[in-house]
Amino acid sequence: MALTHRYSNLLKPFSTAVSYTPSLRRSFSTDDSTSITVETSVPFTGHNCEPPSRTVTTTPKELITFFRDMAMMRRMEIAADSLYKAKLIRGFCHLYDGQEAVAIGMEAAITKKDCIITAYRDHCLFLGRGGTLLEAFAELMGRKAGCSKGKGGSMHFYKKESGFYGGHGIVGAQVPLGCGLAFAQKYSKEEHVTFTMYGDGAANQGQLFEALNMAALWDLPAILVCENNHYGMGTAEWRAAKSPAYYKRGDYVPGLKVDGMDAFAVKQACKFAKEHALKNGPIILEMDTYRYHGHSMSDPGSTYRTRDEITGVRQERDPIERIRKLVLSHDIATEKELKDMEKEIRKEVDEAIAQAKEIPMPDPSELFTNVYVKGFGVEACGADRKEVRAVLP
Ligand SMILES: Cc1ncc(C[n+]2csc(CCOP(=O)(O)OP(=O)(O)O)c2C)c(N)n1
Ligand SMILES: [Mg+2]
């Protein structure tokens, strides 16, 4: 079957369905009193549950915030791409551009007492949890002001104080950890939930089903979020999964299929899932999304999918453009105001990079902190490939 036929379902048109258009004063980012009703791009599909309504209420302030936050994430990732090519970022680096609506919509539905845990595509989830651009770029460039003291790098961002538990490189391994976080929440009688994120590739792993079984058995407040970007490295989902209906694959666990390119659909689904999980235990959310970049910086991302597919998704489903259309159609800001905002964001990102570059790398003695096993000799390579040999104190 031709590639374009297989993927034609990736291209769903933007919804222009906006049912309420009051005459708004142009006072963006402060006006929180006007309510706007939007419809999600497509209806939700439920498995063993009655899906929530497509109708979502928002405000001009929220629309502008969504636009700004997603544009910031996109810019951060584009800048990381350049820094990587300039060899200022080394090692693994997986970018999130295209998938921003998942991070943004989820944050809008939850609090920082709820937990999030994810795989290696973690930069934007960290920003969503309140991490700063400086902490992100410093970590990416291995500087000591990074969110993991410059010792984790791209795949290991953390922000425990606002419920962000990383940043994990072993595919699927964060899912049992996330269910463990949900166990702790239930055990300590907190009314909070854990969102444990994984990809369509990871969805085929055995440990996911083992963790889900226990979570369901004990009614843990665990929300399994499958970010289905339709590829696991260079392997298309149809080559890896007998059933690509990831929201149904929990069998006895309810699920919801969500347009992960629509921040409002994500918000509505996460709100629904949180209420469900607190009352009944786990639920699966399948976010139908797309990554514009290749799997990681070593993958140009164009050998296993067509250029037409990528540009098609950009044109038809881009999460930022969707919000831009809503902002303009509700006369909340002008095109120029949005462009100016993007310029401002670019400046903020450039400033954070300039500051991060000035920060030194961790002291060599840091090699011996935050490690678990004492008394063994250590061999390590620094970013400059110089070998360091030592015995832990
Ligand atoms: C246990 C394990 N097996 C294989 C790998 C190599 N690997 C890294 S990412 C990846 C693909 C995962 O794809 P998916 O779950 O769809 O996540 P995405 O990268 O699309 O976000 C693989 C096979 C790994 N890191 N860990
Ligand atoms: Mg994937």
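The following questions and answers concern the sheet and a surface patch of a predicted model. Local features need pLDDT of at least 70 and side-chain atom pairs count only at pLDDT 80 or more, while totals for chains, interfaces and linings use all residues. Residues are numbered from 1 along each chain as its sequence is written, and side-chain values use heavy atoms, without hydrogens and water.

Reader: Which strands stand at the edges of the open sheet?
Author: Strands are DSSP runs (E, at least two residues; helices are H or I, at least four), numbered from the N terminus, and two strands pair if DSSP finds at least two bridges between them. The open sheet has six strands with mixed pairing, in the order 2-9-10-6-5-4. Each edge strand has a single partner, so one side of it is left without a neighbour in the sheet; these are strand 2 (45-47) and strand 4 (115-117).

Reader: What is the bridge partner of asparagine 228 in strand 10?
Author: Strand 6 (residues 222-228) and strand 10 (residues 283-288) run parallel and are joined by six bridges. Within strand 10, the partner of asparagine 228 is aspartate 288.

Reader: Is tyrosine 187 buried or exposed?
Author: Tyrosine 187 lies in helix 6, and helix 6 (174-187) and helix 7 (206-217) each supply at least two residues of a nonpolar patch. Buried means under 20% relative accessible area, exposed over 50% and partly exposed in between (1.4 Å probe, protein chains only). Because its relative accessibility is 66%, tyrosine 187 counts as exposed.

Terms used
Chains are lettered from A and ligands numbered from 1 in the order in which they are written.
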